[in-house]
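Take a look at the model below. The paragraphs after it start with the overall build and then move to single residues.

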Amino acid sequence: MFETFAALAEPNRYRIVELLRTGPRAVNEIGEKLHLNQPQVSKHLRVLKEAGLVDVEARAQQRLYELRPQPLRKMHGWLERYRRVWEERFDQLDELVEELEAKEKSRAARDRKK
């Protein structure tokens, strides 16, 4: 999973993955859409392939790159655990803030009565 994060940490590789969400694309098409030259795109695709994020299929004279969902699903599952932890902590913080606000209102009401 570390390879997935490392591969996606580079902005152009992240942009390529986002572009591939809509379907397979050739190197030249990726370059045109993202305003990158062919050697740059090839370099980034090689890293994405080594990380297991893309598959390549040769069709005639083209190589089509397609997103592999498995590494992203694995990353999502890992992140989901942390999302739940943080949601619980934020819920606890909300409860604490509400409790403090209630105490403050109660204190303010008492002070007005004096």
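Helices (H or I, at least four residues) and strands (E, at least two) are DSSP runs, numbered from the N terminus. By that count, the protein has 5 helices and 3 strands. Read from the N terminus, the order is α-α-β-α-α-β-β-α. This is a predicted model, in which local features need pLDDT of at least 70, side-chain atom pairs count only at pLDDT 80 or more, and totals for chains, interfaces and linings use all residues. Residues are numbered from 1 along each chain as its sequence is written, and side-chain values use heavy atoms, with hydrogens and water left out.

Start with the overall shape. The C-alpha atoms fill a box of roughly 85 × 25 × 20 Å along the principal axes. The radius of gyration is taken over C-alpha atoms, and the globule rule is 2.2 Å times the number of residues to the power 0.38. For 114 residues that rule gives 13 Å, but the protein has a radius of gyration of 24 Å, well over that value, so it is more spread out than a compact globule.

How much of the protein is buried? Buried means under 20% relative accessible area, exposed means over 50%, and partly exposed lies in between (1.4 Å probe, protein chains only). Buried residues make up 27% of the 114 residues.

One pair gives a sense of distance. Leu79 lies in helix 5 and is partly exposed, at 37% relative accessible area. Leu79 and Gly31 are 48 residues apart in sequence. In space, their C-alpha atoms are 30 Å apart.

Now turn to the charged pairs. A salt bridge is a side-chain nitrogen of Lys or Arg within 4 Å of a carboxyl oxygen of Asp or Glu. The rule yields 9 salt bridges. One of them joins the side chains of Asp55 and Arg68, at 3.4 Å from N to O. This pair links distant parts of the chain, 13 residues apart. Asp55 sits in strand 2 (residues 54-59), while Arg68 sits in the loop between strand 3 (62-67) and helix 5 (69-113). Both ends have some access to the surface: Asp55 is partly exposed at 40%, and Arg68 is partly exposed at 24%.

A further salt bridge connects Arg59 with Glu57, with 3.1 Å from N to O. Arg59 is partly exposed, at 43% relative accessible area. Glu57 is partly exposed too, at 39%.

Helix 5 holds another bridge. The side chains of Glu99 and Lys103 meet at 3.4 Å, N to O. The two residues are 4 apart in helix 5, about one turn of the helix. Glu99 has a relative accessible area of 42% and is partly exposed. Lys103, at 44%, counts as partly exposed as well. Salt bridges with shared partners also join Glu80, Arg83, Arg84 and Glu87 into one network.

Next come the surface patches. Patches are made of residues with over 30% relative accessible area and no salt bridge; like charges are joined within 9 Å, and nonpolar side chains (Val, Leu, Ile, Met, Phe, Trp, Tyr) within 5 Å. Accessible areas come from the Shrake-Rupley method with a 1.4 Å probe, and for residues only the protein chains shown count as cover.

Which residues form the nonpolar patch on the surface? They are Tyr82, Val85, Trp86, Phe90, Leu93, Leu96, Val97 and Leu100, with about 740 Å² of accessible area together. Phe90 belongs to helix 5. Phe90 is partly exposed, at 47% relative accessibility.

There is a charged patch as well. For charges, Lys and Arg count as positive and Asp and Glu as negative, while His and the chain ends are not counted. The place of a charge is NZ of Lys, CZ of Arg, CG of Asp or CD of Glu. Glu88, Asp91, Asp94, Glu95, Glu98 and Glu101 form a negative surface patch. Glu95 lies in helix 5 and is exposed, at 54%.

Finish with the backbone. Most residues other than glycine have a negative phi. His35 has a positive phi of about 55 degrees, although it is not a glycine. His35 lies in the loop between helix 3 (27-34) and helix 4 (38-50), and is exposed at 71% relative accessible area. Ala60, also not a glycine, has a positive phi of about 55 degrees. Ala60 is in the loop between strand 2 and strand 3. Ala60 is exposed, with a relative accessible area of 80%.
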